[in-house]
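This report covers aromatic packing, the nonpolar core and selected loop residues of one chain. The sequence and structure are shown first.

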Amino acid sequence: QVQLVEVGGGLVQAGGSLRLSCVGSGRTFSTYGMAWFRQAPGKEREFVATISWSGGRTSYADAVKGRFTISRDNTKNTVYLQMNSLKPEDTAVYYCAAGTFSDSQDAFGSWGQGTQVTVSS
């Protein structure tokens, strides 16, 4: 298991940008596929983006494709989510997760505590 801590959430106006970071503990971080999920108030947690252990493969939810970019730096045990052209409907708690390259929550065994992103209109 790897422990994960997300940072970088906050309040931003529609059309703005934010970058989330997720720092993992342990020497095995680079062996995990990673992902970002989000949960809006009153809604189920949903997939946002995933990246393979090497960073060579990425995949995105249709709702964020072309606006969000997932990346990682294994030398820093960190995965990033760059969010551009933010919309009010992007408001949610964002979670990073360690597991495999997947869009399914069942594929991830380690989760961060979440960071709030609020987009005002």
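The model is predicted. Ser85 is placed in the loop between S8 and strand S9, which spans residues 92-99. Its phi is near 50°, a positive value in a residue other than glycine. With a relative accessibility of 39%, Ser85 counts as partly exposed, because partly exposed residues fall between the limits of 20% and 50%.

Asn77 also has a phi near 50°, and this residue too is not glycine. Asn77 belongs to the loop between strand S7 (68-73) and strand S8 (78-83). Its relative accessible area is 18%, so Asn77 is buried under the 20% cut-off.

**Thr91 and its contacts**

Thr91 is another residue of the loop between S8 and S9. A polar atom of the Thr91 side chain lies 2.9 Å from the backbone oxygen of Pro88. The Thr91 side chain also reaches the backbone nitrogen of Val119, at 2.9 Å. Apart from neighbours within four places in sequence, the residues in contact with Thr91 are Ala40, Pro41, Gln116, Val117, Thr118 and Val119.

**Nonpolar core**

The largest nonpolar core has 34 residues, and those touching the most other members are Met34, Trp36, Leu81, Met83 and Tyr94. At least two core residues come from each of strand S3 (18-24), S4, strand S5 (46-51), S7, S8, S9 and strand S11 (115-120). S9 supplies the largest share, with five residues.

Which residues does Met83 contact, leaving aside its neighbours within four places in sequence? They are Gly16, Ser17, Leu18, Leu20, Arg67, Phe68, Tyr94 and Val117. Among these contacts of Met83 is Tyr94, which is also listed with Met83 among the core residues that touch the most other members.

**Aromatic pairs**

The count of aromatic pairs is four. In one of them, Phe37 and Trp111, the ring centres are 5.1 Å apart and the planes stand at 50°, so the pair is tilted. Phe37 is in strand S4 (residues 33-39) and Trp111 is in strand S10 (residues 110-111), so this pair ties together parts that are 74 residues apart in sequence. Phe108 and Trp111 form an edge-to-face pair, with 6.4 Å from centre to centre and 70° between the planes. Ring pairs join Phe37, Phe47, Phe108 and Trp111 into a cluster.

The accessibility of three members of this cluster is listed below.

| Residue | Relative accessible area | Class |
|---|---|---|
| Phe37 | 1% | buried |
| Phe108 | 6% | buried |
| Trp111 | 25% | partly exposed |

Phe37 and Phe108 are therefore buried, at 1% and 6%. Trp111, at 25%, is partly exposed.

**Arg45 over two rings**

Over which rings does the charged end of Arg45 sit? One is the ring of Trp111, whose centre is 3.8 Å away. The other is the ring of Tyr95, with its centre at 5.2 Å from the charged end of Arg45. Trp111 thus takes part in the ring cluster with Phe37, Phe47 and Phe108 and also lies under the charged end of Arg45.

Key. Residues numbered from 1 in each chain as written. Predicted model: local features only at pLDDT ≥ 70, side-chain atom pairs only at ≥ 80, totals over all residues. Heavy atoms only, no water. Helix = DSSP H or I, 4+ residues; strand = E, 2+ residues; numbered from the N terminus. Buried < 20%, exposed > 50% of the residue type's maximum accessible area, 1.4 Å probe, protein only. Phe/Tyr/Trp six-rings, centres within 6.5 Å; stacked < 30°, edge-to-face > 60°. Lys NZ or Arg CZ within 6 Å of the ring centre and 35° of its normal. Core = buried A, V, L, I, M, F, W, Y, C linked by side-chain atoms within 4.5 Å. Contact = heavy atoms within 4.5 Å. Polar contact = N/O pair within 3.5 Å; in protein donor to acceptor, adjacent residues only side chain to side chain.
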